[in-house]
Amino acid sequence: MIRTMDTVSTRPAEGPLDFSSRLEAVLAPAYRLATVMLRDPSAAEDAVQEAAVKAWRKHGQLRGAAESFRPWFLSIVANECRMARRSRWLGVIRMAEPPRELASPEESTVVGHELRDAIMALDVADRAALFCFFYLDLPLDEVGRVLGVSPSAARSRVYRAAHRLRPGLDPGEMFR
């Protein structure tokens, strides 16, 4: 139990190991989310690092069980990415990356290339919504928390973004 001035809390104190193990479990998805939002691996690393520091400072304010850590931390990462995109220096310093070797035959197909181009042509909020829902496989309420919107707004954002990618897509195909 944690004793404060006049109150007693039954919530156990979270030690550095608890925070560290939770953070390690979400670092890879957080980095991928930041990379999708910023399109720059080094800026994504910076955003995740800043988010980790902010999360450490505020981890006492986290409400809920251990399952709420992932959407809470991903929302901090998304906010860091939004702040980085607002920074005027991100556009000034951005340099072209040399083309990379394709890792697999699937990536070399025209369809995969066209899909990647179509996804990258979407705005940041749409890319983040699709990434969280389809790639990270987050439920819509967690997608909403990450994006800072309601679950119904998250569902609409995912639907609209997917529809922009493939106009003939049946909405029932996405949410089964």
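1. Glu142 counts as buried, with a relative accessibility of 15%. The cut-off for buried is under 20%, so 15% puts Glu142 inside that class. Note that the model is predicted. Glu142 has a charged partner: its side chain meets that of Arg70 in a salt bridge, at 3.1 Å from N to O. Glu142 sits in helix α7 (residues 140–147) and Arg70 in helix α3, so the bridge ties together parts 72 residues apart in sequence. Arg70 is partly exposed, at 30% relative accessibility. The acid is therefore on the buried side of the cut-off, while the base is partly exposed.

2. How many salt bridges does the rule give? The count is three. Side chains of opposite charge can pair when their charged atoms come close. The distance rule asks for a side-chain nitrogen of Lys or Arg within 4 Å of a carboxyl oxygen of Asp or Glu. The Glu142 pair has been covered above; the other pairs follow.

3. Lys54 and Glu80 form one of these bridges, with 2.4 Å between the closest N and O atoms. This pair links distant parts of the chain: Lys54 belongs to helix α2 (residues 41–58) and Glu80 to helix α3 (residues 69–86), with their positions 26 residues apart in sequence. Lys54 has a relative accessible area of 31%, so it is classed as partly exposed. Glu80 has 9% relative accessibility and is classed as buried.

4. What does Glu80 touch, beyond residues up to four places away in sequence? The list is Ala47, Glu50, Ala51 and Lys54. Helix α3 is where Glu80 is found. Lys54 thus appears both in this contact list and as the salt-bridge partner of Glu80. Why is Glu80 placed in the buried class? Its relative accessibility is 9%, and buried means under 20%.

5. Asp126 and Arg164 make a further salt bridge, and their closest N and O atoms are 2.3 Å apart. Here too the pair links distant parts of the chain: Asp126 is in helix α6 (residues 124–135), Arg164 is in helix α8 (residues 151–165), and they lie 38 residues apart. Asp126 is buried, at 7% relative accessibility. Arg164 is partly exposed, with a relative accessible area of 48%. Exposed begins over 50%, so Arg164 at 48% stays in the partly exposed class.

6. Next, the packing of α6 on α7. Their axes are 9 Å apart, and the angle is about 145 degrees. The crossing is right-handed. On the α6 side, the contact residues are Ala128, Ala129, Cys132 and Phe133; on the α7 side, they are Leu140, Val143, Val146 and Leu147. By type, the residues of this contact are eight nonpolar, no polar and no charged.

7. Is Asp137, in the loop between α6 and α7, buried or exposed? Asp137 is exposed, since its relative accessible area is 60%. Its backbone deserves a look: phi is positive, about 60 degrees, although Asp137 is not a glycine.

8. Arg39 has a similar entry in the backbone list. Its phi is positive at about 60 degrees, and it is not a glycine. Arg39 is placed in the loop between α1 (16–38) and α2. Its relative accessible area of 37% makes it partly exposed.

9. Where is His59? It is in the loop between α2 and α3. His59 counts as buried, with 14% relative accessibility. Its side chain reaches the backbone oxygen of Trp56 at 2.6 Å.

10. Last, the overall picture. The protein chain has nine helices and two strands. The order from the N terminus is β-β-α-α-α-α-α-α-α-α-α. Of the 176 residues in the protein chain, 33% are buried. Take the contacts between residues at least 6 apart in sequence: 62% of them join residues at least 24 apart.

Technical notes
Residues are numbered from 1 along each chain as its sequence is written. This is a predicted model: local features need pLDDT of at least 70, side-chain atom pairs count only at pLDDT 80 or more; totals for chains, interfaces and linings use all residues. Side-chain values use heavy atoms; hydrogens and water are left out. Helices (H or I, at least four residues) and strands (E, at least two) are DSSP runs, numbered from the N terminus. Buried means under 20% relative accessible area, exposed over 50%, partly exposed in between (1.4 Å probe, protein chains only). Axes are lines fitted to C-alpha atoms, for helices over the stretch in contact, and angles run from 0 to 180 degrees between N-to-C directions. A crossing is left-handed if the near helix is turned anticlockwise from the far one by less than a right angle, and right-handed if clockwise. Contact means heavy atoms within 4.5 Å. Ala, Val, Leu, Ile, Met, Phe, Trp, Tyr, Cys and Pro count as nonpolar, Asp, Glu, Lys and Arg as charged, and the others, Gly among them, as polar. A polar contact is a pair of N or O atoms within 3.5 Å; within protein, one must be able to donate a hydrogen and the other to accept it, and residues adjacent in sequence count only if both atoms are side-chain atoms.
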